[in-house]
Amino acid sequence: MLFRSIGNLLIAGLAEAFGDLRTALDECGRLLGTVGRVLPATVEPVELTARTERGDRVAGQVAVQELVGRIRQVGVLPPDAPACPEAVEAIRLADQVVLAPGSLFTSVLAVLAVDGIRDAIGSTEARVVQVANLAEQRPETEGLDATDHLRAVLDHGGRVDTVLHATDGALRLDRDVATGLGVEPVEVPLARSDGGGHDAGRMAAALRILA
């Protein structure tokens, strides 16, 4: 969490210095020597919002992340925030689109809440793969299994062609439900032997086969 906070501060400082989030992310990539390019879902300032099954509403990433009670829907304000054109083009040209493992409501669904990104994923000719999380993230996804995660993406208008599920993770996937939702379930070992999350090599190999 500390490294994530430092990274966010670095990006915020560079964005203020350059006056453009895309330029700031490119500069971060240059400083860190990363491979590939990180693009934002939108270059406009937005605020993440959430509504629970009981009807409670909160705004702000931290508030959503710490919300107690099952989240029903997330969105962004303003709701018509334009998608980053470079991100839309990258999705259009992609060989494969991966909805990566991560915080379900504050990362994966936050991106899908931007209409242009969701539409681009829905219309791409590439295969769309959702990589299931290995475990709960409390309190954000407490009580949810991999099937619930898949349903949440679909309920938010996301497209998923294949769900990649770790057989050595703690979250269960109901293959029959996934198939009934029109999603191909693929189950393989994906966890690191030390319990430190997804194994990058295993995940890359699985995604390569699905490409």
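A search of this whole predicted model finds 15 salt bridges. One of them is a good place to begin: the side chains of Arg30 and Glu27 meet with a nitrogen-to-oxygen distance of 2.6 Å. Why do Arg30 and Glu27 stand about one helical turn apart? Both belong to helix H2, which covers residues 21–32, and they are separated by about one turn because they are 3 residues apart in that helix.

From here, let us turn to the sheets. Strands of a sheet pair through backbone hydrogen bonds, either parallel or antiparallel. You can find both kinds of pairing here, starting with an open sheet of 3 strands in the order E2-E1-E3, where the pairing is antiparallel. E2 and E3 stand at the edges with a single partner strand each, so one side of each has no neighbour in the sheet. From one strand to the next, the twist averages 20°. Look at E1 and E3 together: 6 bridges join these antiparallel strands, and Thr49 stands opposite Gly75 in E3. Helix H5 lies across E1 and E3, and its direction is at about 55° to E3.

The other sheet to visit is also open, with 4 strands in the order E4-E5-E6-E7 and parallel pairing. Which strands stand at its edges? They are E4 (96–99) and E7 (184–188); each has a single partner strand, so one side of each is left without a neighbour in the sheet. On average, neighbouring strands of this sheet are turned by 25° against each other, with direction ignored. Between E4 and E5 (residues 127–131), which run parallel, there are 4 bridges, and you can spot Val97 standing opposite Val128 in E5.

Two helices can be traced against these parallel strands. Helix H7 lies across E4, E5 and E6 (162–166), running at about 135° to E5. Helix H9, made of residues 200–210, packs on the sheet and touches E4, E5, E6 and E7, while its direction makes about 155° with that of E5.

Now for the spaces within the model. Rolling a probe the size of a water molecule over the atoms shows where empty space is left. The second largest pocket has a volume of about 480 Å³. Of the 25 residues that line this pocket, Ile71, Arg72, Gln73, Asp155 and His156 are the closest to its centre. Several elements you have already met give two or more residues to the lining, including strand E1 (47–52), strand E2 (57–59), helix H5 (104–112) and helix H7 (146–155). Helix H6 (115–123) is also one of these elements. Which element gives the most? That is E3, with 5 residues. Sorted by class, the lining of the second largest pocket has 10 nonpolar, 5 polar and 10 charged residues.

The last stop is a cavity. The structure holds 1 cavity of 30 Å³ or more, and the space in the largest cavity comes to about 70 Å³. Its lining includes Leu99, Pro101, Leu104, Val108, Gln130, Asn133 and His149. Two elements, H5 and E5, each give two or more residues to the lining of the largest cavity. How does that lining divide by class? It has 7 nonpolar and 4 polar residues, with no charged ones. Helix H5 thus links several parts of this tour: it lies across E1 and E3, and it gives residues to the lining of the second largest pocket and to that of the largest cavity.

Methods: Residues are numbered from 1 along each chain as its sequence is written. This is a predicted model: local features need pLDDT of at least 70, side-chain atom pairs count only at pLDDT 80 or more; totals for chains, interfaces and linings use all residues. Side-chain values use heavy atoms; hydrogens and water are left out. On a 1 Å grid over the protein atoms alone, a cavity is a set of points where a 1.4 Å probe fits but cannot get out, and a pocket is an open set with protein on both sides within 12 Å along at least five of seven lines; lining residues have an atom within 4 Å of a point. Grid points are joined across faces, edges and corners, and a volume is the space filled by probe spheres set on the points. Ala, Val, Leu, Ile, Met, Phe, Trp, Tyr, Cys and Pro count as nonpolar, Asp, Glu, Lys and Arg as charged, and the others, Gly among them, as polar. Two strands pair if DSSP finds at least two bridges between them. Axes are lines fitted to C-alpha atoms, for helices over the stretch in contact, and angles run from 0 to 180 degrees between N-to-C directions. Contact means heavy atoms within 4.5 Å. A salt bridge is a side-chain nitrogen of Lys or Arg within 4 Å of a carboxyl oxygen of Asp or Glu.
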